[in-house]
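Here's a walk through one protein model, taken a piece at a time. Have the viewer open and follow along.

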Amino acid sequence: MCGVAGFIGSNCDHRTAEALVERMVSALGHRGPDGAGVHVDGSAALGHTRLSIIDLAGGHQPLLDESGEFAISFNGEIFNYVELRDELAAKGARFRTRSDTEVILELYKAKGEACVEDLVGDFAFAIWDRRRRKLILARDRMGVRPLYWTKTRDRLYFASEVKALLATGEIEARPDPIGLDQVFTLWSTIAPRTVFHNIQQLPPGHMMIATPGRVDIRRYWRLSFPTAAEDARCDADETAIAEELRRLLADATRIRLRSDVPVGAYLSGGLDSSIIAALASDVAAERLKTFSVTFESGEFDESAYQAQMVEALGTAHASVACRATEIGAMFPDVVRHVEQPILRTAPAPLYLLSDFVRQRGYKVVLTGEGADEVFAGYDIFKEAKVRAFCARQPHSAWRPRLFRKLYPYLPALQAQSPAYLQAFFGMALDQTGDPLFSHLPRFDTTAKAKAFFSGDLKAALNGYDALAELRADLPAEFTSWTPLAQAQYLETVYLLPGYILSAQGDRVAMAHGVEGRFPFLDHRVVEFGARIPSRLKLKSLREKHILRESMASRLPAAIGNRPKQPYRAPDSASFFGEGAPAYVAERLSHAAVASAGLFDAAKVAMLARKCAAGGALGFRDNMAVVGVISGQIWTDHFFAGKALQAVPALPAA
């Protein structure tokens, strides 16, 4: 795991180009504390900062082939590199290192841009093809590893993080109003957009071919599902599917243990991380080391379940306690690494956990992310199913009571009346044909935070509609899928790479030089999961049914049958009350909010008083206060506290 950076464009002298890319690489030092390098070749330059995991002695980058005509800067891991290397060597390729990086380069020489189709892994790489004078950028199918780019008058720059682009000194940091609106509606931007004006991300499953005069972006992979009719006709044997799923997961886990440094695993106490830890324990050469985070409040803490799995697997376990005051204290560093406003504090404990892992000598951990998206584990899938059921009798007083069964871990919700449940979950019951039906309540709740947008930001948005853009971005075949497949697509293609793998994944782990590996996001597992009939993923209201069945013999029953409890952390309580960090009052002051320009200072003051009073806050207020605080931190770090200066209004929607 590493950081990549560079450019293609107009020539400059070698020393100037080298110094420019060195500045970019320096901004990515946290991603690769084990080494750095720069390669300059006329109109192109590649930079790299290294986290050494495979071929510790010989894997330095940028790496050139023997002829010097091809160079690569690579962030990530190719987990099937051993098999690919053997295939290439059998065809005459000669290798000078034991690294997976050289395998990508030799595969490109053999197959050109089609090389990405053979890669099983998480990657973002840049290949400079001197013979053809072109730069190839590619990002993995699921969006595990980030890759950003921008164009100036003379050059196209790329990097693993936005801060490296800004380090060139040639790119003005300005917020993108549409990107902000999307975050405060969808939790993430719609790729390729980011929250920075004129800075884009290469979408997952895409590659870019750039020459000094042209940029061509192509999709090489897309998540797809059977049609609803095909799903209904599928009569595949459940036992056979469960056995094949276990085989695929076992192989995905096995190859993710390939490393020249020790590999540990996160163990939250939930089903997904428990499955990965169990599969890893079965094949690990030594006793598996597991790590977890615990909380003071029983509402968030899962340490009892963690202890059950540690005893069942016999892992060497270590945990770190995370207090609400620590979340508040570390939050500015989290936002600086995440590089965008966020609506939950959940990335902060994972930031703490990755630091804890690194301090104990580990650079690599397996995690359970992706299972909820691929095998229908989130409450939103069950909620959509119940809402569709309620829509058939919208005035029933009994059907809304089903929502209590979905959220047993939310005591405040359990205490609500049927009328409240009807009002909260019953929105848009007349819109079952809307492609966003499954997510409309979430988007509506999230968008309430936009009430705190300033008049200037609202004017700049000029009636923009994030949901309309999301609908337009969906593939043509989307409407032919089952309702569950549609909901899974929305989670997997947008929220997963845009928030889960970014804010809660790559950024907070790489802030401390820790690489996360995700067996559930092996594209072979993802494609197999998409073909499993919906009725076997969400069976009645039993989420991840087929996944549970596939691993039933390997897990304690209390874990294997445990209902989903989403990973959460204290939100507003992290910023107010005893021990509250001093920066909160400063960043939420009338002067600071007015100066930044993103939020309405008077409304923010009212929200801050409400939080300081210590009363219970609902979902909307919690999201709003975290969004405002993170937005103020983001503004202060990237725009010196004056975000909306010189931001033009958009054309009318």
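**A tour of the model**

Start with helix α13, where Asp379, Ile380, Phe381, Lys382, Glu383, Ala384, Val386, Arg387, Cys390 and Ala391 are buried. Bear in mind as you look that this is a predicted model. That list amounts to 10 of the 13 residues of α13, so the helix is mostly covered, since a residue counts as buried when its relative accessible area is under 20%. The helix covers residues 379-391, and from its first C-alpha to its last it reaches 18 Å, close to the 18 Å expected at 1.5 Å a residue.

Helix α8 (residues 271-283) invites the same check: its 13 residues should span 18 Å at 1.5 Å a residue, and the end C-alpha atoms turn out to be 19 Å apart, which agrees. The rest of the structure largely encloses α8, because 10 of its 13 residues are buried. The buried ones are Leu271, Asp272, Ser273, Ser274, Ile275, Ile276, Ala277, Ala278, Leu279 and Ala280.

Now for a strand, β13 (residues 263-266). Which residues sit on each of its faces? Val263 and Ala265 are on one side, Gly264 and Tyr266 are on the other, and all are buried, so both faces are covered. That pattern is what you'd look for, as side chains in a regular strand alternate between the two faces of the sheet. β13 runs parallel to strand β16 (residues 364-366), joined by three bridges, and Ala265 stands opposite Leu366 in β16. It also runs parallel to strand β14 (residues 289-295), this time with two bridges; there, Tyr266 has Phe291 as its bridge partner.

Next comes an open sheet. Its six strands come in the order β2-β3-β1-β9-β8-β10, with antiparallel pairing. At the edges stand β2 (36-41) and β10 (200-201); each has a single partner strand, so one side of each has no neighbour in the sheet. Helix α1 (residues 14-26) packs on this sheet and touches β1 (2-9), β2, β3 and β9, with its direction at about 145 degrees to that of β2. Elsewhere in the sheet, strands β8 (residues 148-151) and β9 (residues 155-159) pair in the antiparallel sense over four bridges, and Lys151 stands opposite Leu156 in β9.

Zoom in on β3 in that sheet. Is it enclosed or open? Seven of its seven residues are buried, so the rest of the structure largely encloses it. Ala44, Leu46, His48 and Arg50 point one way, while Ala45, Gly47 and Thr49 point the other, and all are buried. On one pairing, β1 and β3 run antiparallel over seven bridges, and Gly6 has Leu46 in β3 as its bridge partner. On another, β2 and β3 pair in the antiparallel sense over six bridges, with Val40 standing opposite Ala45. β2 and β3 form a hairpin with two residues between the strands, and Gly42 there takes a positive phi near 65 degrees.

Just past β3, have a look at Gln61, in the loop between β3 (44-50) and β4 (63-64). Why does Gln61 count as buried? Its relative accessibility is 9%, and the cut-off is under 20%, so it qualifies. Its side chain makes a polar contact with the side chain of His48 at 3.3 Å, and another with the side chain of Thr101 at 3.1 Å. Leaving aside neighbours within four places in sequence, Gln61 is in contact with Ala36, Gly37, His48, Ile72, Ser73, Phe74 and Thr101.

Lys564 is another loop residue to visit, lying between α25 (557-560) and α26 (582-587). Its relative accessibility is 16%, so Lys564 counts as buried. The side chains of Lys564 and Asp372 are joined by a polar contact of 2.6 Å.

Finish with a pair of helices, α5 (residues 177-186) and α17 (residues 440-447). They pack at an angle of about 120 degrees, and their axes are 6 Å apart. That angle makes α5 oblique to α17. Where they meet, α5 brings Val183, Phe184, Thr185 and Leu186, and α17 brings Phe443, Thr446 and Ala447.

Technical notes
Residues numbered from 1 in each chain as written. Predicted model: local features only at pLDDT ≥ 70, side-chain atom pairs only at ≥ 80, totals over all residues. Heavy atoms only, no water. Buried < 20%, exposed > 50% of the residue type's maximum accessible area, 1.4 Å probe, protein only. Polar contact = N/O pair within 3.5 Å; in protein donor to acceptor, adjacent residues only side chain to side chain. Contact = heavy atoms within 4.5 Å. Expected span 1.5 Å × (residues − 1). Pairing = 2+ DSSP bridges. Axes fitted to C-alpha atoms, helices over the stretch in contact; angles between N-to-C directions. Parallel < 35°, antiparallel > 145°, perpendicular 65-115°, else oblique.
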